Amino acid sequence: MTKRSKRYNNLVKDFDNSKSYDLDNATKMISGFSNAKFEETVDMIINLGIDSNKTEQQVRGVVSLPNGTGKDMKVLALVNSEKEEEAKSAKADYIGLEDYIKKIKEGWLDFDVIVTMPSVMSKIGELGKVLGPRGLMPNPKIGTVTMDIKKSINEIKKGKIDFKTDKDGTIHTVIGKKSFKDEKLTENGRELINAVIKLKPSTVKGKYIKSIFIKPTMGPSVKINCKDYI
């Protein structure tokens with residue numbers, strides 16, 4: 001059994017984790033859970049009734065959170081000289097190609113997202129062993145391999161995120177900061193849930209959304225009532 005700190009136990013002394021709550025009330029509860037000395041993030045965990053061993057049932061997509069994530073996303077634009085000005089105008093944090101590919105090979109990973117163009121992917125492919133396991137490999141399906149570099153970077157900076165199921169059929173991603181107003185967390189959470197629902201694989205039988213939780217960094221998970229999403 002995990003030993004909890006006194007701080008944690010004080011936070012949850014009146015919390016009944018056997019109950020489920022609608023999304024609005026769950027985000028309000030999150031507000032009262034924290035006394036950490038740093039800015040906590042709030043994550044949403046969605047457990048899906050899929051067979052993650054079947055490629056056609058794996059769920060991956062993108063969603064633009066209406067209120068952003070609260071995080072300043074560091075974007076690396078791996079582009080040729082013709083697209084450098086476009087990346088600069090979109091305020092990419094790092095812009096270049098060969099030098100950054102070399103830096104990544106040497107272990108540099110001080111960025112959150114890579115945006116690149118189709119003609120460059122052959123050079124980036126050799127970084128798959130480094131980027132793949134960390135979820136950093138650019139992908140045309142999520143809009144990070146594109147000729148419209150400016151649009152892609154702007155969307156990421158405004159709160160566009162990608163999500164995918166893990167080996168257990170679970171999506172786990174940030175929906176904002178603890179300091180967000182309750183209604184902003186609710187809006188972001190609802191946007192993510194709706195995006196996941198739209199991606200339901202046609203071969204899934206039975207219950208698709210098995211359970212949903214939201215959780216601050218240092219607090220307990222709050223279970224969401226799924227009746228509105230089934």
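**View 1. Four aromatic pairs are found in this predicted model.** Rings of Phe, Tyr and Trp (its six-membered ring) count as a pair if their centres lie within 6.5 Å, with planes under 30 degrees apart called stacked, over 60 edge-to-face and the rest tilted. One of these pairs joins Tyr94 and Trp108, edge-to-face, at 5.0 Å centre to centre and with 90° between the planes. Tyr94 belongs to strand S5 (residues 94-96), while Trp108 sits in the loop between helix H4 (98-105) and strand S6 (113-116), so this pair ties together parts that are 14 residues apart in sequence. Helices (H or I, at least four residues) and strands (E, at least two) are DSSP runs, numbered from the N terminus. A word on conventions: residues are numbered from 1 along each chain as its sequence is written, and side-chain values use heavy atoms, with hydrogens and water left out. As the model is predicted, local features need pLDDT of at least 70 and side-chain atom pairs count only at pLDDT 80 or more, whereas totals for chains, interfaces and linings use all residues.

**View 2. Trp108 also meets Tyr100 and Lys103.** Tyr94 and Trp108 are both buried, where buried means under 20% relative accessible area, exposed over 50% and partly exposed in between (1.4 Å probe, protein chains only). Tyr100 and Trp108 make a tilted aromatic pair, 5.4 Å centre to centre, with 40° between the planes. Tyr100 counts as buried because its relative accessible area is 17%, and Trp108 is buried with a value of 17%. Step back a little, and ring pairs link Tyr94, Tyr100, Trp108 and Phe111 into a cluster. Lys103 lies over the face of Trp108, 4.4 Å from the ring centre; a charge sits over a ring if NZ of Lys or CZ of Arg is within 6 Å of the ring centre and within 35 degrees of the ring normal.

**View 3. Lys91 has a positive phi.** The angle is near 65°, in a residue other than glycine. Lys91 lies in the loop between helix H3 (84-89) and S5. With 65% relative accessibility, Lys91 counts as exposed.

**View 4. Helix H8 (residues 182-198) packs through its buried residues.** For its 17 residues, 1.5 Å a residue gives an expected span of 24 Å, which agrees with the 25 Å between the end C-alpha atoms; the expected span is 1.5 Å times one less than the number of residues. Its buried residues are Leu185, Thr186, Asn188, Gly189, Leu192, Ile193, Ala195 and Val196. An α-helix has 3.6 residues a turn, so residues three or four places apart point the same way. The buried residues of H8 pack against helix H2 (23-31) and several strands, including S2 (41-48), S3 (60-64), S7 (160-164), S8 (170-177) and S9 (209-216).

**View 5. Val196 is one of the residues that touch the most other members of the largest nonpolar core.** That core holds 31 residues, and Met44, Ile46, Leu48 and Ile214 share this distinction with Val196. A nonpolar core is a set of buried Ala, Val, Leu, Ile, Met, Phe, Trp, Tyr and Cys residues joined through side-chain atoms within 4.5 Å. H2, S2, S7, S8, H8, S9 and strand S10 (222-224) are the elements that give two or more residues to this core, and H8 gives the most, with five residues. Leaving aside neighbours within four places in sequence, Val196 is in contact (heavy atoms within 4.5 Å) with Ile46, Leu48, Phe163, Ile171, Tyr208 and Ile209.

**View 6. Ile171 lies in strand S8.** Ile171 is buried, with a relative accessible area of 0%. Not counting residues up to four places away in sequence, Ile171 touches Met44, Ile45, Ile46, Leu48, Val59, Phe163, Lys164, Thr165 and Val196. Val59 is 112 residues from Ile171 along the chain, and their C-alpha atoms are separated by 8.5 Å.

**View 7. Five strands form an open sheet, in the order S1-S10-S9-S2-S8, with mixed pairing.** Two strands pair if DSSP finds at least two bridges between them. Strand S1 (20-21) and S8 are the edge strands, each pairing on one side only. Seven bridges join S2 to S9, and these strands run antiparallel; here Asp43 stands opposite Lys215 in S9. S9 and S10 also run antiparallel, joined by three bridges, and form a hairpin with five residues between them. Ile214 has Val222 in S10 as its bridge partner.
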